[in-house]
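Subject: Structure for your review

Dear colleague,

Please find below the structure I wished to hand over to you. I would be grateful if you could read the notes that follow with it open.

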Amino acid sequence: MVVETPSDLERVLATSTGVCGCAIDQSALTVLDTEAQVALFTTLAEYSSFIAIRVHEGAGLRVSPERVSQILKTARQLGTHVPHDVLWFRSDGTIQGTELSFYQNAAELLQAHESASFTLGELTPAEVQLLVAAARDRVRAGSLGPELDAEELTVRFLTGGRSEAKLATVVCGNTPTFVAKIAPKDRALDEMLRFRTFVQPLNDELSPDCHLHGETAVILFRLVRGDSDPSTPAESLEDRLHYVWNEQWLQSNPEEAEQDGVFLGMALMRVARTLAELNSNAPPSNWNRQSFVNPPATHLDALEREGFVWGLNDSAASARRAAAERVRRMENSAIVHGDLHLRNVLIRGESEVRLIDYEASGPGHPALDLVRFELALYLGPVRQFEDEASSVAFQRALSIDRAPLDVLRSSFRGFFQCHVNSACAAGMTAARDAAIEVLEKHGGDARDYLAMKFLVAWQNLALIGSQTGLARAVILATAEEIATW
């Protein structure tokens with residue numbers, strides 16, 4: 001196809017899913033000023049990570065090759081250099097036979113999906129095309145084995161995510177399994193930008209790569225492998241906690257259940273330490289996107305204006321306003337994970353833990369992750385065997401008095417009769433102490449921890465699946481203290 005204007009090019013790209021290469025002739029560049037050439041390269045960069053771009057480098061080129069490379073790197077959120085087979089400059093306007101191999105490579109990747117078979121409804125045709133191309137490109141980049149045409153691509157879809165993205169494990173021949181996250185292009189690129197900015201400098205274990213074509217994108221992550229099967233993901237912390245409770249509840253192996261609870265408590269303390277290491281860092285000053293990760297109180301205010309009654313005392317509502325004001329002081333002071341729940345923590349072996357899904361990472365309150373982790377334990381897997389007054393007393397000892405674990409154990413024996421509760425208590429006290437430690441590094445103190453915990457507890461009153469009775473206990477235990485600020 002031959003196009004003569006940028007608008008014609010945009011129309012072709014919008015109506016075709018098979019464009020795999022673009023040769024830009026000097027005659028096309030001579031009629032475009034610098035701004036128009038930047039727009040041209042940006043359009044091509046944002047269209048697909050599989051399009052090979054050849055530029056006739058001559059008097060008409062007003063944008064340096066270095067800047068064109070930077071445009072591609074930024075548009076595609078590439079962590080390193082632009083691959084040599086994606087962009088190249090030639091002084092001769094004639095395409096040589098050897099150069100056709102670059103186009104052929106892109107075409108093969110974008111046509112690989114034609115031999116794939118997917119159940120109707122799992123993926124759209126565009127998603128199938130991109131997933132297969134991205135998977136085979138990743139294999140090709142590191143493959144030293146047989147020809148790719150002989151490789152088998154196996155995709156297993158995963159459940160449990162809270163976003164609209166589709167998750168799957170992908171195995172291609174003898175290549176190690178990786179995880180694919182299929183999402184709209186703008187969301188995938190935003191996630192990659194956040195990972196590159198906030199997470200990768202501190203931890204690049206997941207090693208994500210983003211591929212895009214048209215309006216679809218897929219991010220490929222290194223798999224956090226399970227214990228028994230290296231082709232499946234590690235167990236989520238939520239599943240492991242449920243397993244420990246079921247072990248004790250069903251009395252299948254009482255001694256093993258108690259030992260599993262001990263190991264799980266150690267794992268939860270490691271999660272707190274991992275989060276503290278992340279949250280101790282300040283975000284870069286040039287980040288200018290608004291953060292939405294801190295718990296809002298606006299939806300609660302709107303419900304109350306409509307006459308909604310929570311059944312809590314007056315000090316709870318006034319304390320919420322004081323807590324919200326306190327949180328605003330440090331709302332963007334730290335780097336946070338931003339979506340900390342028990343399915344975003346994976347556990348291997350007895351107590352090895354890994355965080356996943358950094359889509360919401362960025363600036364946030366220093367105590368946000370650790371408080372959400374603490375309350376994810378308390379309002380989720382914890383089993384309540386005592387009345388509300390005892391739960392309020394437990395939370396007052398934990399939050400206000402900051403009692404150590406052994407004091408809590410001796411004071412609330414009913415709570416600790418359950419192995420999963422013992423493990424969660426170890427994680428909760430570790431999260432509390434780590435949160436205050438992180439806050440002090442950012443110029444805060446224990447009141448900032450209380451303010452965040454109070455707001456997150458309020459937020460959990462509205463979340464399906466959260467134990468609202470225990471959320472009320474947190475609010476009642478801390479409201480009077482916060483109301484005096």
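The notes below describe one sheet and the strands within it.

Please bear in mind that this is a predicted model. The sheet is open and consists of five strands, arranged in the order 4-5-6-8-7 with antiparallel pairing. Strand 4 (153–158) and strand 7 (209–213) lie at the edges; each has a single partner strand, so one side of each is left without a neighbour in the sheet. On average, neighbouring strands of this sheet are turned by 25° against each other, direction ignored.

Strand 6 (residues 178–184) deserves a separate description. Strand 6 runs antiparallel to strand 5 (residues 166–172), and five bridges join the two. Within this pair, A168 stands opposite A180 of strand 6. Strand 6 is also joined to strand 8 (residues 216–222) by seven bridges, again in antiparallel fashion. Here F178 has R222 in strand 8 as its bridge partner.

As for burial, six of the seven residues of strand 6 are buried, that is, under 20% relative accessible area. Strand 6 is therefore largely enclosed by the rest of the structure.

With kind regards

Terms used
Residues numbered from 1 in each chain as written. Predicted model: local features only at pLDDT ≥ 70, side-chain atom pairs only at ≥ 80, totals over all residues. Heavy atoms only, no water. Pairing = 2+ DSSP bridges. Helix = DSSP H or I, 4+ residues; strand = E, 2+ residues; numbered from the N terminus. Axes fitted to C-alpha atoms, helices over the stretch in contact; angles between N-to-C directions. Buried < 20%, exposed > 50% of the residue type's maximum accessible area, 1.4 Å probe, protein only.
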